[in-house]
Amino acid sequence: MAKSLRSKWRRKCRAVKRERYGAKELDRLKKTLAIDENGDVEMPDISEIATVVDAKDIKESSKAKENHKADNTEKMEVDSGRVYDKKTLKDQYGNYPVWMNRRKIMKHKKGRAKADKGTTKTNKRLTRRQKKALKQKK
């Protein structure tokens, strides 16, 4: 695939476009950054554009803001939300999660039934052969 003459021609044309647009983009970038042909950068008021701040200062200011907010406002009471069981995937009310569709729920139920079937003991009485087999295993 992708070895036909048409695809080769298209690839060639795209490469030419890439070169042409790359040069245009570079010129536009230089123009926005105000870089001369000499390579000099003219940015006399860079302090107005950006300021350099340490990470420690940012953390301290955010903590101060957080403490100030906590003092002024009371927190809204929020319900604990739904707690889902990992094994059954149901919440405390017996409902499946919203994101789980019907097909997935049915598949999950079927799989759980198979797993439970293997672990539960039957209440049937044992036959003589079964009793004999149990005795021989022990």
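**Helix α1 and its surface patches**

Immediately following α1, residue A34 adopts a positive phi of about 60 degrees. The model is a predicted one, and the description below starts from the helix that precedes this residue before turning to the chain as a whole.

Helix α1 covers residues 5-33. Its length can be checked against its geometry: with 29 residues at 1.5 Å a residue, α1 should span 42 Å, and the C-alpha atoms at its ends are indeed 42 Å apart, so the expected and computed values agree.

Two kinds of surface patch involve residues of this helix. The positive patch is formed by K3, R6, K8, R10, R11, R14, K17, R18, R20, K24 and R28. One of its members, R6, lies in α1. The relative accessible area of R6 is 60%, and R6 is therefore classed as exposed, because that class begins over 50%.

The other patch is nonpolar: L26, L29 and L33 together make a surface of about 260 Å². Among them, L29 is found in α1. L29 has a relative accessibility of 47% and so counts as partly exposed, since this class lies between the buried limit of 20% and the exposed limit of 50%. Membership of a patch requires over 30% relative accessible area, a condition that the 47% of L29 satisfies.

Across the whole chain, the secondary structure amounts to 5 helices and 0 strands. In sequence order, the pattern reads α-α-α-α-α. As for burial, 6% of the 138 residues of the chain count as buried, a class that applies under 20% relative accessible area.

Notes:
Residues numbered from 1 in each chain as written. Predicted model: local features only at pLDDT ≥ 70, side-chain atom pairs only at ≥ 80, totals over all residues. Heavy atoms only, no water. Patch = residues over 30% accessible without salt bridge, like charges linked within 9 Å, V, L, I, M, F, W, Y side chains within 5 Å. Areas by Shrake-Rupley, 256 points an atom, 1.4 Å probe, with all protein chains shown as cover. Salt bridge = Lys/Arg side-chain N within 4 Å of Asp/Glu carboxyl O. Lys, Arg positive; Asp, Glu negative; His and termini not counted. Charge placed at Lys NZ, Arg CZ, Asp CG, Glu CD. Helix = DSSP H or I, 4+ residues; strand = E, 2+ residues; numbered from the N terminus. Buried < 20%, exposed > 50% of the residue type's maximum accessible area, 1.4 Å probe, protein only. Expected span 1.5 Å × (residues − 1).
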